[in-house]
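Please read the following walk through a protein model with the coordinates open. It goes from the overall fold to single residues.

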Amino acid sequence: MWNHRRNSITSNWYIIYASMMIDAFAIVPALRQTHVKYIADLGALAKTNPISAMTFSITMFSYAGIPSLAGFCSKFYLFFAALGCGAYFLAPVGVVTSVIGRWAAGRLP
């Protein structure tokens, strides 16, 4: 029973992250058409294109693993599945790398 649940959790994780990748890589070319070339140009995006700004923000917050978004839920269940399989070293390493990734992304200008 656990193998079936573990496979379901990992496939859920793949689906969520694939949809976030598609969303992020669909928004970036659309932003190029509105003359957004640098990260600093995203500051005015809420005024020029609020729907794209909201979609991009939700996608990036989900990537960071903010609670109640799909990225957090998929990471939580993935780490829970790793602990259930006996990968007691792998789950904390995943949590630490997620925290480091969130910190690094937060330092972008």
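The paragraphs below take the chain as a whole, then its core, one helix and two backbone angles. The model is predicted.

The protein chain contains 5 helices and 0 strands, and in sequence order its pattern is α-α-α-α-α. The radius of gyration of the protein chain is 16 Å, well over the 13 Å that the globule rule gives for 109 residues, so the chain is more spread out than a compact globule. The C-alpha trace spans about 50 × 25 × 20 Å along its principal axes. Of the 109 residues, 21% count as buried. Contacts between residues at least 6 apart in sequence can be divided by separation: 58% of them join residues at least 24 apart.

An unreviewed UniProt entry lists residues 15-101 as "domain: NADH:quinone oxidoreductase/Mrp antiporter transmembrane". Over residues 15-101 the chain is 75% helix and 0% strand, with end C-alpha atoms 21 Å apart.

Which residues form the largest nonpolar core? This core has 6 residues, namely I27, L31, V36, L45, A53 and F56. Two elements, α1 (2-33) and α3 (50-64), each give two or more residues to the core. For one core member, I27, the contacts beyond its neighbours within four places in sequence are with S52, T55 and F56. F56 therefore appears both as a core residue and as a contact of I27.

Helix α4 covers residues 70-84 and can be checked against ideal geometry. At 1.5 Å a residue, its 15 residues should span 21 Å, and the end C-alpha atoms are 21 Å apart, which agrees. The buried residues of α4 are G71, S74, K75, A81 and A82. Because these residues cover an arc of only 125 degrees around the axis, they lie on the same side of α4. The general background is that an α-helix has 3.6 residues a turn, so residues three or four places apart point the same way.

Two positive phi values remain to be described, at S68 and at G86. S68 belongs to the loop between α3 and α4. Its phi is near 80 degrees, a positive value in a residue other than glycine. Most residues other than glycine have a negative phi. Is S68 buried or exposed? With the cut-off for exposed set at over 50% relative accessible area, S68 counts as exposed because its relative accessibility is 68%. On the other side of the helix, just after α4, G86 takes a positive phi of about 95 degrees.

How values were computed
Residues are numbered from 1 along each chain as its sequence is written. This is a predicted model: local features need pLDDT of at least 70, side-chain atom pairs count only at pLDDT 80 or more; totals for chains, interfaces and linings use all residues. Side-chain values use heavy atoms; hydrogens and water are left out. A nonpolar core is a set of buried Ala, Val, Leu, Ile, Met, Phe, Trp, Tyr and Cys residues joined through side-chain atoms within 4.5 Å. Buried means under 20% relative accessible area, exposed over 50%, partly exposed in between (1.4 Å probe, protein chains only). Helices (H or I, at least four residues) and strands (E, at least two) are DSSP runs, numbered from the N terminus. Contact means heavy atoms within 4.5 Å. UniProt positions are given in the numbering used here, feature names are shortened, and annotations may be inferred rather than shown by experiment. The expected span of a helix is 1.5 Å times one less than its number of residues. The arc is that of the directions from the helix axis to the C-beta atoms. The radius of gyration is taken over C-alpha atoms; the globule rule is 2.2 Å times the number of residues to the power 0.38.
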